[in-house]
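Please find below a note for a colleague who is meeting this structure for the first time. The points are numbered for ease of reference.

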Amino acid sequence: MADTSAPALRASTGPALPVIGKSDTKPTWCPGCGDFSVLAAVEMALKRLRIPSHNVAVVSGIGCSSNLPHFLSSYGFHAIHGRALPVAEGIRWANHGLTVIATGGDGDGFGIGAGHFVHTMRRNVDLTYVTMDNQIYGLTTGQASPTSMMGQRTKSTPNGVIEAPVDPIALALASGATYVARGFSGDVKHLADLVANGIQHRGFSFVDVFSPCVTYNKLNTFDFFRQRVYKLENAGHDPTNLGLAFQRAIEWGDKIPIGLFYTVDRPTYEDLEEVLSAGPLAQQPAGLAGRSTLLDEFA
Amino acid sequence: MSDIIVRTGGEAGDGIASLGETVARCFARMGLHVFGLNAYQSVIRGGHVWFQARASAVRPYSQGDGADVLYCLNRETFEIHRVDLRPGATIIYDPEKFAIAPGDVPTGARLLPVPTLAIARKYTSQAILQNAPGLGAMAYLAGIPLPILQGALSDSFGRKAGDVVTWNLGASADGYEFARQHSGANDRAVSPRGEGKLLLTGNQAIALGAAAGGVKFLAQYPMTPASGIMHWMAAHSRDLGIVVKQAEDELAAINMAVGASFGGVRAMTATSGGGFSLMVEALGMAGMTETPVVVVESQRAGPSTGLPTKTEQGDLRLMIGAGQGEFPRAILAPSHPKEAYQAAIDAFRLSEEWQTPILLASDLHLSENYATVDRDEIALNVPIAPIATASAPATGEYLRYAYTPSGVSPRSVPGQPGLQFVAGSDEHDAKGHLISDVKAGVPIWVAERAKMMDKRMRKLEGLRAAAPPPLLEGPAGADLTFVAWGSTVGAIRDAMPILAAQGISTNLLFVRTVYPLRSDIVRSALEGARATLLVEANYSGQLGQLIRQETGLLLPHRLLKYDGEPFYPHEIVAKAREVTGHGGH
Ligand SMILES: Cc1ncc(C[n+]2csc(CCOP(=O)(O)OP(=O)(O)O)c2C)c(N)n1
Ligand code: SF4
């Protein structure tokens with residue numbers, strides 16, 4: 001049994017322990033990369049909720065965006081490409097007193113990790129997944145990604161992408177996510193609100209962020225989005241209506257919505273997993289000492 | 001060895017496995033040691049399946065050769081198995097189902113026609129009862145007392161009650177009585193001796209050992225022959241407080257387990273070679289991030305989907321080589337459920353101590369077949385050490401990957417204040433900071449990388465000393481030394497007394513930890529051997545290749561089997577005679 005002190009279950013007013021901040025590692029992103037805003041928004045959200053940094057685990061896969069955990073003062077797991085979500089789930093189930101945030105890129109989450117994306121959502125695991133969706137593979141220097149637009153020319157598609165992009169928001173709605181939002185790196189305050197509300201939401205929260213890659217994506221730039229995005233909350237959208245959420249999700253063109261598409265209350269996986277009702281797994285006793293009647297089934 | 005072997009066969013869907021398990025359970029309750037072989041195919045209905053229960057006062061380690069009692073539910077069973085009977089065997093069948101011409105009866109065997117269908121019809125017109133009279137007849141011939149049979153039979157129905165149970169008890173008693181009136185017991189019939197034994201499969205033993213070793217989280221994706229581990233664990237999840245997660249695939253399974261371990265619990269996954277192939281990258285991540293995890297690899301015949309219900313030891317090289325780059329791991333290879341229980345405990349101990357993945361190599365033959373243990377061979381009281389070993393440093397900062405002589409660094413888990421770190425699958429320094437991007441190639445960081453590799457790989461040497469060493473079983477100075485790992489050891493152990501009775505003394509070098517190899521022990525055992533025989537269930541003799549690589553010693557004599565079937569003692573005996581110059585017998 002781990003000799004951890006019991007972390008408070010979801011602290012909204014923080015104890016007197018250091019809340020999250022930047023780590024001593026400076027981000028290595030290209031100047032102007034959208035991911036700086038996502039880091040700032042995650043940090044703002046956690047600070048606002050006053051969650052002490054030792055009770056936070058930030059998990060990522062591989063990609064430029066996935067370097068994010070190194071820049072925060074919390075616990076972190078910088079996993080392999082595409083596997084942030086199953087690692088994050090494992091951490092949640094080992095200790096559901098922790099605030100678990102998964103981060104990564106569109107390639108990481110909707111390409112190599114797409115299977116986990118769907119299944120984590122249908123389980124409604126209580127974690128917050130923030131994707132830095134730049135519609136390109138940044139770290140591998142500019143190949144097409146699952147969210148690259150039809151026709152986009154990249155290093156791997158010199159004649160243009162010829163497959164339809166994944167729609168992460170619609171996929172999340174269809175997969176049973178209980179908090180589905182989209183942010184934009186060009187509006188950090190708005191993004192921080194979406195992340196903070198996502199962290200407070202009980203269940204799987206998904207925040208897809210337009211986070212432009214200024215180096216390799218010359219199509220989906222800050223300007224591209226500044227000209228197109230509008231906020232759902234200003235458009236009278238009802239985020240409790242799944243049908244309307246789908247309609248907004250498939251809007252792509254001159255106007256592209258950001259904000260909260262959908263939210264619903266549904267029991268989390270951790271609520272329904274009976275073993276966890278006895279408290280965080282890491283604090284439950286382990287082993288079979290004194291359980292000799294267990295052997296009777298083999299007699 | 002004075003033993004009895006009872007075999008029954010029929011079509012998939014006939015309930016052969018439960019028939020066989022009931023017989024095996026009866027023997028165990030009589031205080032006998034048992035080995036139970038469940039031979040089946042990858043179909044749910046149709047196809048030929050059979051079960052063999054072997055019982056003896058001395059522990060049998062394999063299914064043995066031949067059969068003394070053969071109950072044929074269909075003609076195909078008779079056709080297939082009549083050539084594999086021991087002298088004095090009794091064949092049970094129902095002439096209403098099929099006839100056996102007198103000329104077809106193997107010499108030395110007796111027929112016992114039992115009107116199983118007629119007996120069943122006394123109780124019900126439904127087909128569900130046809131096995132019970134045959135079961136009764138088998139039990140009588142084997143020397144199983146009727147009350148033990150009836151107890152095991154009613155227990156096999158669990159909490160179900162009602163007509164079906166009553167009918168089964170009646171019909172099996174009728175079959176028992178019929179056999180008593182129309183036949184003597186088999187010459188090899190056994191009788192009760194002492195306290196009952198526990199009967200369990202290798203998978204159950206592994207799951208039980210994992211629970212005793214402190215596992216709190218299992219993630220797994222169904223795959224024969226490893227699924228039994230998840231089944232046992234899921235059935236006991238609430239009672240034991242172990243979270244069991246059927247993952248969406250093996251990629252998720254191992255990543256969940258690594259996440260859970262990072263989160264502060266002992267965690268495991270289990271699979272067969274196909275699923276293990278998917279886990280390879282995450283295995284390296286566990287090695288790189290120094291996160292403990294236990295992975296059970298229960299091999300089946302490959303490559304690819306291979307023979308899903310047949311056994312093989314073809315994945316040794318895969319297990320040793322799984323993952324890009326180099327990182328410490330150990331591979332434990334128990335041969336019998338009793339050892340599998342301990343191996344699971346050892347796997348968790350080693351994984352936590354050395355903060356690295358530990359593989360438990362099983363195979364279908366060990367995972368799915370039954371064997372007995374004495375209650376006192378299963379020690380449940382295993383000390384469980386705390387997971388977090390770090391505390392806040394008096395001065396300076398906490399270094400998760402601090403350089404230490406053993407290579408093991410103090411570990412914190414999320415929730416501990418002041419000990420935050422980032423576990424990185426990229427190369428990192430003692431603090432956990434990446435040295436993979438802007439620092440890569442810069443001279444001081446080049447040195448740091450080498451230092452970090454050295455630190456991790458020191459744990460391999462620690463593991464080499466801490467993992468269960470190879471055992472030399474049997475007399476020193478024997479005519480022949482067998483070399484084996486995993487479940488293959490069983491048939492060898494059973495062949496050794498047969499060979500001894502023929503004047504050929506043998507011993508066995510059982511390589512319980514295949515990796516890292518104790519080449520010092522292996523070398524001295526083999527250099528001192530008069531002759532050696534490598535026995536493996538694979539095509540290329542993978543342990544032999546490893547021994548050659550690690551010791552330079554070539555094992556010239558090899559008995560390799562890759563037809564999907566387990567070894568039988570007679571095969572080992574024949575090859576051992578040949579190698580020792582007693583061939584042509
Ligand atoms: C199994 C595996 N395949 C490929 C790679 C190479 N790789 C690293 S990051 C990446 C994609 C990066 O794109 P994305 O996830 O969108 O993140 P970004 O860099 O754009 O933030 C790839 C293919 C890898 N690390 N692992
Ligand atoms: S390559 Fe693109 S995604 Fe990567 S850091 Fe630079 S701007 Fe950001």
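The points that follow take up the ligands, then a strand and a helix residue of chain B, and finally some details of the backbone.

1. Status of the model. The structure is a predicted model. The points below should be read with that in mind.

2. Position of ligand 1. Ligand 1 is placed between chains A and B. There are 17 residues around ligand 1, and those that come nearest are A:C64, A:S65, A:G107, A:D108 and A:G138. Helix α3 of chain A, residues 106-112, gives the most to this shell, with four residues. By character, the shell around ligand 1 divides into six nonpolar, eight polar and three charged residues.

3. Backbone contacts of ligand 1. Three backbone approaches to oxygen atoms of ligand 1 may be listed. A backbone N or O atom of A:G138 lies 2.9 Å from an oxygen atom of the ligand. For A:I136, the corresponding distance from a backbone N or O atom to a ligand oxygen is 3.2 Å. For A:D106, a polar backbone atom is 3.3 Å from an oxygen atom of ligand 1. Taken alone, ligand 1 exposes 580 Å², of which the protein buries 77%.

4. Surroundings of ligand 2. Which residues surround ligand 2? They are A:W29, A:C30, A:C33, A:C64, A:N134, A:C213, A:V214, A:T215 and A:Y216. This shell divides into seven nonpolar residues, two polar ones and no charged ones. A:C64 deserves notice, as it surrounds ligand 2 together with other residues and is also one of the residues that come nearest to ligand 1.

5. Strand β20 of chain B. Why can this strand, residues 532-536, be called largely enclosed by the rest of the structure? Because five of its five residues are buried. Both faces are covered: B:T532, B:L534 and B:E536 are buried on one side, and B:L533 and B:V535 on the other.

6. Partners of β20(B). Strand β17 of chain B, residues 480-484, runs parallel to β20(B) and is joined to it by three bridges. Within β20(B), B:T532 has B:T481 standing opposite. Strand β21 of chain B, residues 558-560, is likewise parallel to β20(B) and joined to it by three bridges. There, B:E536 stands opposite B:L560.

7. Residue B:T488. This residue lies in helix α16 of chain B, residues 488-501. Is B:T488 buried or exposed? With a relative accessible area of 4%, B:T488 is buried. Apart from neighbours within four places in sequence, B:T488 is in contact with B:Q313, B:V535, B:E536, B:A537 and B:F567. Two of these partners, B:V535 and B:E536, are buried residues of β20(B). B:H336 is 152 residues away from B:T488 along the chain, yet their C-alpha atoms are separated by 9.5 Å.

8. Cis peptide bonds. B:T224 and B:P225 are joined by a cis peptide bond, with omega about 0°. B:P225 belongs to the loop between β8 (215-220) and α8 (227-235) of chain B. Another cis peptide bond joins B:Y515 and B:P516, with omega about -5°. B:P516 is in the loop between β19 (513-515) and α17 (519-527) of chain B.

9. Positive phi values. A:Q135, which is not glycine, has a positive phi near 55°. The residue lies in the loop between β4 (128-133) and α5 (168-175) of chain A, and at a relative accessible area of 2% A:Q135 is buried. B:Q355, also not glycine, has a positive phi near 50°. B:Q355 occupies the loop between α13 (337-354) and β13 (357-363) of chain B and counts as buried, at 3% relative accessibility.

Conventions:
Residues are numbered from 1 along each chain as its sequence is written. Chains are lettered from A and ligands numbered from 1 in the order in which they are written. This is a predicted model: local features need pLDDT of at least 70, side-chain atom pairs count only at pLDDT 80 or more; totals for chains, interfaces and linings use all residues. Side-chain values use heavy atoms; hydrogens and water are left out. A residue is near a molecule or strand if one of its heavy atoms lies within 4 Å of it. A polar contact is a pair of N or O atoms within 3.5 Å; within protein, one must be able to donate a hydrogen and the other to accept it, and residues adjacent in sequence count only if both atoms are side-chain atoms. Accessible areas come from the Shrake-Rupley method with a 1.4 Å probe; for residues, only the protein chains shown count as cover. Helices (H or I, at least four residues) and strands (E, at least two) are DSSP runs, numbered from the N terminus. Ala, Val, Leu, Ile, Met, Phe, Trp, Tyr, Cys and Pro count as nonpolar, Asp, Glu, Lys and Arg as charged, and the others, Gly among them, as polar. Buried means under 20% relative accessible area, exposed over 50%, partly exposed in between (1.4 Å probe, protein chains only). Contact means heavy atoms within 4.5 Å. Two strands pair if DSSP finds at least two bridges between them.
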